[in-house]
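User: Please examine one part of this protein closely, namely its nonpolar surface patch, and then set that part against the interior of the model.

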Amino acid sequence: MPKELYELVKLRALILNGCSFCTDMHSHDAMEMGMSIAKLFAVAAYNDSPLFTDAERAVRRLTDAVTRLDPATGVSDEVWDAAADEFSEEEIGNLILAIATINVWNRIAIPTQLEPPVRD
């Protein structure tokens, strides 16, 4: 998975979960790897931004569905099919693992009240 795509997965889940520590850390990581500030800010409004590809939008929808997972409904066919149109089964498996992993980190950082460092 391209590093920028992986950072987009993490940032979207972090925004949904409201984890300030992880959002700070991964937004700085994204900037250091060259992601534009405009694209970084647009992660919150993915669907409306022309800065994202169809594949990135499919990943955003999959990230939203897995992060907000409803055990009764799971991930909708529409979301799954959009991801399957852009990625192989192996890539989708890797995406789900990436989404699950960042969600686990949020479930550690939020209850332990980790705070982002003070930056200049």
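Analyst: A patch is made of residues with over 30% relative accessible area and no salt bridge, and nonpolar side chains are joined to it within 5 Å. The model considered here is predicted. In this model, Met-31, Ile-37 and Phe-41 make a nonpolar surface patch of about 300 Å². Phe-41 belongs to helix H3, which spans residues 37-42. Because exposed means over 50% relative accessible area, Phe-41, with 63% relative accessibility, counts as exposed.

The interior provides the contrast. In soluble globular proteins, nonpolar side chains tend to be buried together. The largest nonpolar core has 15 residues, and those that touch the most other members are Leu-8, Leu-11, Met-35, Val-43 and Phe-52. Two or more residues of this core come from each of helix H1 (3-17), helix H2 (20-32), H3 and H6. The most, four residues, are given by H1. Beyond its neighbours within four places in sequence, Leu-11 has contacts that include Ala-30, Met-35, Leu-40 and Val-43. A second, separate core of 14 residues has Val-59, Leu-95, Ala-98 and Ile-99 among its members.

Helix H5 (residues 77-86) shows both settings. Its residues Val-79, Ala-82 and Ala-83 are buried. They lie on the same side of H5, because they cover an arc of only 95° around the axis. On the other side of H5, Asp-77, Glu-78 and Asp-85 are exposed. The buried residues of H5 pack against helix H4 (54-67) and helix H6 (89-109).

Terms used. Residues numbered from 1 in each chain as written. Predicted model: local features only at pLDDT ≥ 70, side-chain atom pairs only at ≥ 80, totals over all residues. Heavy atoms only, no water. Patch = residues over 30% accessible without salt bridge, like charges linked within 9 Å, V, L, I, M, F, W, Y side chains within 5 Å. Areas by Shrake-Rupley, 256 points an atom, 1.4 Å probe, with all protein chains shown as cover. Salt bridge = Lys/Arg side-chain N within 4 Å of Asp/Glu carboxyl O. Buried < 20%, exposed > 50% of the residue type's maximum accessible area, 1.4 Å probe, protein only. Arc of directions from axis to C-beta. Contact = heavy atoms within 4.5 Å. Core = buried A, V, L, I, M, F, W, Y, C linked by side-chain atoms within 4.5 Å.
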